[in-house]
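Work through the exercises below with the sequence and the structure at hand. Each task is followed by a solution in steps.

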Amino acid sequence: MDTFSTLIQVLDSTLRLATPLLLACLAGLFSERSGIFDIGLEAKMLVSAFFSAAFAYTTGSVWIGLMAGVAASIVFAGIHGIASITFRGNQLISGVALNFLASGMTVLIAQSWFHQGGRTPSLMGGARFEGVELPFAIGPTEAAETGRPLNPLIAEAGPLQQLYSELISGHSILVYIALLAVPATWWVLYRTRFGLRLRAVGENPAAVDTAGISVVGLRYSSMIIVGVLCGLAGAYLATGLQAGFVKDMTAGRGYIALAALIFAKWRPWHALGACLLFGLLQALALRTDVVEALFPFKMPVQLLDSMPYILTVVILAGFVGKAIPPRAGGQPYVKER
Amino acid sequence: MDAMPKWADMLLVPLISLLLAMVISALVILGIGEDPWAALKLMVQGSFGSTYGWGYTLFYATNFIFTGLAFAVASHAAMFNIGSEGQATLGGLGVALVCLALPWPHWTVALVAAMAGGALFGAAWAFLPAWLAARRGSHIVITTIMFNFIGLAVLNYMLVNVMRPEGSMDPASAKFPDSTNLPSLHDILALVGIPFSKTAPANVAFLVALVACVLVWLLLWRTRFGFELRAFGKSESAAVYAGISPTKIIVVAMLISGGLSGLMAVNNVMGEAERLVLNSVEGAGFIGIAVALMGRNHPLGVLLAAILFGFLYQGGAELALWTSIPRELIVVIQGLVILFTGALDNMVRMPIERFFLWRRRNAQAGE
């Protein structure tokens, strides 16, 4: 295996692993920019992963699964909203509670629905997101035409075609949606009236209220956006990246997304960078052969795994530029005393 | 003047929240096609119906007392220590290193040394987040979450690469020498002639936890430092004005909190497993948050709430054993209890406050 195709393979899996992080990270961005801390990103991804897999399996349609996943995620975001906006509860505690609830509830329902030890049956065919073949790329169609397996076909092509076919083409639609969500988030936050108000409500809700705009309304709408984005992230995990739901399959991705959000200092384009970086670290942790070739010393895989967290602590320490969160984050807004 | 009497705040609100969580849990059990009443009976029978059940309930409760106290101490200083999980993980490492280091002559000596090791490692794991919070203004919640994950990676590395005995495939340390095995409640109660289950894992660490409750109470309400700590937690600016150093309070409170989390390892690592395994904490760090919330950050409340959660754990295990309800039901109930007693506190509190105000107005109008 030559270096070039290895590089492309690692980058390819970076992109796939970064996708759920990116969607969850943007969800967190909307939430925290509106002044609501959300350590329950994990919970929303998990319920979405389960319900998307369960419905995709039962109906045979991945799209119905996706809708079910997003709906479940919005319900969880709604509970977080009720706790932290309406009842002005502690947002961190609500997040912790929802993480527990999601972790237990998904297994409980999976067990009583499918009787397979808390997982869904494996998804096949239309119940999964297939790769999208971009124009001119070498994909399964070409492989079927020539009657040869896909990998050697790509390996024979020129470097540019290899890059295009392997890295850019052939991902599930949700990967492209996640990438498009970055400019969309930027545009909504910085170029629309809603975005201006959303950012303001995270910094100084009293001023927004004085201007006659509903703080509660803005925060609830950000919760819905969070629900949709986390729902996409979870559905991608269960129906794109893997084929079915297994217990606690988010495996801390909600927290890595949170770390990426801080790493990106609450900015959309930087979030893309941070998530790609953390995705690359995850991809490398899966390819021990590449890691051994890259580093002259023996790199423990545990160090690679914990690199996102270490980097985030370094950023938080403020020695490499200061990460300043939205000012009103975590504080419930009381209209009048 | 407070809207409601103190007893309502301390007892009524948490009990109603708990009741709501239980009602929803019952609905969940109904939803998966089981009988909630039968489930509750089985849980009570399994956790309090025999000394065997009690032994497990108290074993779990011991873990939760330590992590609950840890969260409570940090809370009084207005620090949200979500890092008990990582601190207890590192505490386990400390306890294991101590137990394996020397041929200890007697369990009492080993216990004291292991307590020191566990507390030291736990406190060390809380130090950096505390220092960053005090000096660099880093958000303690995020840094402690990150340290939970880093702690797991450290443990994983140590077990796989350093502490694993030659020839073993299992990522676990060697078994601790027999001289470090702690006496179980069976052995202790036998001294005074009370029969107690021989197989249950509750051990002398439960007594250590009770002592810790008293010491935390003394520290918070009977010492100058405890007063400073609580004053700082109530109002940072007032505390600074009174000459209290924020750095000192934050760092020392977090060190005590981390040390208490680390002490938990005396129970689960030294007392029960008698070797160090991956994921020995099993979420007890997060349950500590629920325990402290339910117990209103008071040692006595923490003790009672820890026993409640011990009951949930042992009862849930019995359910999984005898019915088709999976063990994860406990995780759901746990989530609901945290949600209702913690995050949705105002949902219960506001109507009760209104009720007491209404009663008081009526009483005044009647005079």
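**Exercise 1.** Which handedness, left-handed or right-handed, does the crossing of H5(B) and H6(B) have? Describe how the two helices pack.

Solution. The model is predicted.
- Step 1: Two packed helices are described by the angle between their axes and the distance between the axes.
- Step 2: For H5(B) and H6(B) the angle is about 155° and the axes are 9 Å apart.
- Step 3: Angles over 145 degrees count as roughly antiparallel, and H5(B) and H6(B) are therefore roughly antiparallel to each other.
- Step 4: The crossing of H5(B) and H6(B) is right-handed.
- Step 5: On the side of H5(B), the residues that meet H6(B) are Trp125(B), Pro129(B), Leu132(B) and Ala133(B). Their partners in H6(B) are Ile140(B), Thr143(B), Thr144(B), Phe147(B) and Gly151(B).
- Step 6: This contact of H5(B) with H6(B) has 6 nonpolar and 3 polar residues, and no charged ones.

**Exercise 2.** Determine how H2(B) and H13(B) are oriented to each other, and check the length of H13(B).

Solution.
- Step 1: Helix H2 of chain B covers residues 36–48, and its axis comes within 8 Å of that of H13(B), crossing at roughly 115°.
- Step 2: The range from 65 to 115 degrees counts as roughly perpendicular, which is therefore how H2(B) and H13(B) stand to each other.
- Step 3: The crossing of H2(B) and H13(B) is right-handed.
- Step 4: Among the residues of H2(B) that meet H13(B) are Ala39(B), Leu42(B) and Phe48(B), and the H13(B) side includes Phe311(B), Glu318(B) and Trp322(B). By class, the contact divides into 8 nonpolar, 4 polar and 1 charged residues.
- Step 5: H13(B) runs over residues 299–322, and its 24 residues should span 34 Å at 1.5 Å a residue. The end C-alpha atoms of H13(B) are 34 Å apart, so the expected span agrees.
- Step 6: Of the 24 residues of H13(B), 17 are buried, and the helix is mostly covered.

**Exercise 3.** Describe the packing of H1(A) against H11(A).

Solution.
- Step 1: H1 of chain A takes in residues 3–33 and H11 of chain A residues 215–241.
- Step 2: The two pack at an angle of about 170°, with axes 8 Å apart.
- Step 3: H1(A) and H11(A) are therefore roughly antiparallel to each other.
- Step 4: The residues of H1(A) in this contact include Arg16(A), Leu23(A) and Phe30(A), and those of H11(A) include Ser222(A), Leu229(A) and Tyr236(A).
- Step 5: The contact of H1(A) with H11(A) has 15 nonpolar, 3 polar and 1 charged residues.

**Exercise 4.** Where do Arg88(A) and Arg296(B) lie, and what is notable about their phi values?

Solution.
- Step 1: Most residues other than glycine have a negative phi.
- Step 2: Phi of Arg88(A) is near 50°, a positive value. Arg296(B) also has a positive phi, of about 50°, although it is not a glycine.
- Step 3: Arg88(A) lies in the loop between H3 (62–86) and H4 (91–114) of chain A, just after H3(A). Helix H3(A) has 25 residues and reaches 34 Å, close to the 36 Å expected.
- Step 4: Arg296(B) is in the loop between H12 and H13 of chain B.
- Step 5: A residue with 20 or more other C-beta atoms within 10 Å is buried, and one with 12 or fewer is exposed. Arg88(A) has 17 and is therefore partly exposed; Arg296(B) has 18 and is partly exposed.

**Exercise 5.** Is Gly35(A) buried or exposed, and is Ala207(A) buried or exposed?

Solution.
- Step 1: Gly35(A) is placed in the loop between H1 and H2 (41–59) of chain A.
- Step 2: Gly35(A) has 31 C-beta neighbours inside 10 Å, so it counts as buried.
- Step 3: Beyond its neighbours within four places in sequence, Gly35(A) is in contact with residues including Val201(A), Arg219(A) and Pro326(A). Its C-alpha lies 7.1 Å from that of Glu203(A), 168 residues apart in sequence.
- Step 4: Ala207(A) is in helix H10 (residues 205–210) of chain A. With 12 other C-beta atoms within 10 Å, Ala207(A) is exposed.

**Exercise 6.** How many residues does each chain give to the contact between chain A and chain B?

Solution.
- Step 1: Chain B gives 37 residues and chain A gives 37 residues.
- Step 2: On the side of chain B, the elements that give two or more residues are H5, H6, H12, H14 and H15.
- Step 3: The residues on that side of chain B divide into 24 nonpolar, 10 polar and 3 charged.

Methods. Residues numbered from 1 in each chain as written. Chains lettered and ligands numbered in written order. Predicted model: local features only at pLDDT ≥ 70, side-chain atom pairs only at ≥ 80, totals over all residues. Helix = DSSP H or I, 4+ residues; strand = E, 2+ residues; numbered from the N terminus. Expected span 1.5 Å × (residues − 1). Contact = placed C-beta atoms within 7 Å. Nonpolar A, V, L, I, M, F, W, Y, C, P; charged D, E, K, R; others polar. Axes fitted to C-alpha atoms, helices over the stretch in contact; angles between N-to-C directions. Parallel < 35°, antiparallel > 145°, perpendicular 65-115°, else oblique. Left-handed = near helix turned anticlockwise from the far one by under 90°.
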